[in-house]
Amino acid sequence: PGIPALLQPAAHAIVQAMEEIRKYTSALNDSLIWERPAGVASVGFHLQHITGVLDRLFTYAAGGELSPAQLAYLSNEGRANDSITLASLLEKLEMQVNVSLEKLAATDPARLTETRFVGRKKIPSTMIGLLFHAAEHMQRHTGQILATSAFVRPR
């Protein structure tokens with residue numbers, strides 16, 4: 001509710017991915033999320049990465065640049081740490097999803113085709129391109145969580 005019609009597909013993709021992430025991680029624990037079967041990225045990495053990607057791409061979509069805190073978060077994605085629990089990763093992701101949905105709701109559809117720039121190289125995109133890429137990227141990593149969790153979860 002409250003999301004502009006043109007952004008409904010992105011909102012639905014984000015909501016669906018969050019629902020699937022909860023399902024795919026329900027049988028995991030704090031140690032299993034850092035397992036890397038056959039050397040693939042861990043579930044923990046994907047949870048951290050999705051949270052960071054939503055934050056970063058929505059920042060760029062708003063016309064902003066990354067803060068030092070966002071850059072620090074990026075450099076720490078995937079680093080296992082005993083203080084990082086599955087519950088804390090899911091909580092942070094859920095909060096970022098809620099922030100992202102609030103930002104979608106506050107987006108003026110008349111501005112969706114405005115040019116935005118990504119990263120230090122100032123790669124051109126549009127607001128709508130970045131918002132949809134955020135949703136698509138979340139779904140891609142959700143698929144990776146599905147595949148990796150199938151290998152690491154208890155039988």
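**Entry 1: H1 against H5**

How do H1 and H5 run relative to each other, roughly parallel or roughly antiparallel? I started there, bearing in mind that this is a predicted model. I looked up the axes of helix H1 (8-25) and helix H5 (127-152) and found that they come within 9 Å and cross at roughly 20 degrees. Angles under 35 degrees count as roughly parallel, so I put H1 and H5 down as roughly parallel to each other. I also noted the hand of the H1 and H5 crossing, which is left-handed.

Next I listed who makes the contact. From H1 I have Pro9, Ala10, Ala13, Ile14, Gln16, Ala17, Met18, Glu20, Ile21, Tyr24 and Thr25. From H5 I have Leu131, Phe132, Ala135, Met138, Gln139, Thr142, Ile145, Leu146 and Ser149. Sorted by class, the H1 and H5 contact comes to 14 nonpolar, five polar and one charged.

**Entry 2: H2 against H5**

I then turned to H2 and its packing on H5. The angle is about 175 degrees, and the axes are 9 Å apart. Over 145 degrees counts as roughly antiparallel, so H2 and H5 are roughly antiparallel to each other. I checked the classes here too: the contact of H2 with H5 has 16 nonpolar and nine polar residues, and no charged ones.

**Entry 3: H2 against H4**

Same routine for helix H2 (residues 43-61) and helix H4 (residues 86-105). Their axes come within 9 Å, with a crossing of roughly 25 degrees. I therefore logged H2 and H4 as roughly parallel to each other. The H2 and H4 crossing is left-handed.

On the H2 side I wrote down Gly44, Leu47, Gln48, Ile50, Thr51, Leu54, Asp55 and Phe58. What they meet in H4 is Leu86, Leu89, Leu90, Lys92, Leu93, Gln96, Val97, Ser100, Lys103 and Leu104. By class I get 10 nonpolar, five polar and three charged residues for the contact of H2 with H4.

**Entry 4: the core**

Which residues have the most contacts inside the largest nonpolar core? I found Ile14, Ile21, Leu47, Leu54, Leu93, Leu104 and Met138, in a core of 41 residues. H1, H2, H4 and H5 each supply at least two residues of this core. H2 gives the most, with nine residues.

I picked Ile21 from that list for a closer look. Leaving out residues up to four places away in sequence, Ile21 touches Leu47, Ile50, Leu90, Leu93, Met138, Thr142 and Ile145. Going back to the helix pairs, I see Leu47 and Ile50 among the H2 residues that meet H4, with Leu90 and Leu93 among the H4 ones. Met138, Thr142 and Ile145 are among the H5 residues in the contact with H1.

**Entry 5: Arg56 and Leu74**

Is Arg56 buried or exposed? Arg56 is in helix H2, and I read a relative accessible area of 9%. Buried means under 20%, so Arg56 is buried. I pulled its neighbours, again not counting residues up to four places away in sequence: His49, Leu66, Gln70, Tyr73, Leu74 and Glu77.

Leu74 from that list got a check of its own. It is found in helix H3 (residues 68-76). With a relative accessible area of 37%, Leu74 is partly exposed. I also took the C-alpha to C-alpha separation of Leu74 and Ile50: 11 Å in space, for 24 residues apart in sequence.

**Entry 6: positive phi and the loops**

I went through the backbone for positive phi. Ala38 has phi near 55 degrees, a positive value in a residue other than glycine. Ala38 lies in the loop between H1 and H2, and at 85% relative accessible area it is exposed.

Lys122 also turned up, with a positive phi of about 55 degrees, and it is not a glycine. I found Lys122 in the loop between strand S1 (115-118) and strand S2 (123-126). Its relative accessibility is 38%, and I marked Lys122 as partly exposed.

Last lookup was Ala110, in the loop between H4 and S1. It is exposed, with a relative accessible area of 65%. Ala110 and Phe45 are 65 residues apart in sequence, and I get 36 Å between them in space, C-alpha to C-alpha.

Conventions:
Residues are numbered from 1 along each chain as its sequence is written. This is a predicted model: local features need pLDDT of at least 70, side-chain atom pairs count only at pLDDT 80 or more; totals for chains, interfaces and linings use all residues. Side-chain values use heavy atoms; hydrogens and water are left out. Axes are lines fitted to C-alpha atoms, for helices over the stretch in contact, and angles run from 0 to 180 degrees between N-to-C directions. Helices (H or I, at least four residues) and strands (E, at least two) are DSSP runs, numbered from the N terminus. Angles under 35 degrees count as roughly parallel, over 145 as roughly antiparallel, 65 to 115 as roughly perpendicular and the rest as oblique. A crossing is left-handed if the near helix is turned anticlockwise from the far one by less than a right angle, and right-handed if clockwise. Contact means heavy atoms within 4.5 Å. Ala, Val, Leu, Ile, Met, Phe, Trp, Tyr, Cys and Pro count as nonpolar, Asp, Glu, Lys and Arg as charged, and the others, Gly among them, as polar. Buried means under 20% relative accessible area, exposed over 50%, partly exposed in between (1.4 Å probe, protein chains only). A nonpolar core is a set of buried Ala, Val, Leu, Ile, Met, Phe, Trp, Tyr and Cys residues joined through side-chain atoms within 4.5 Å.
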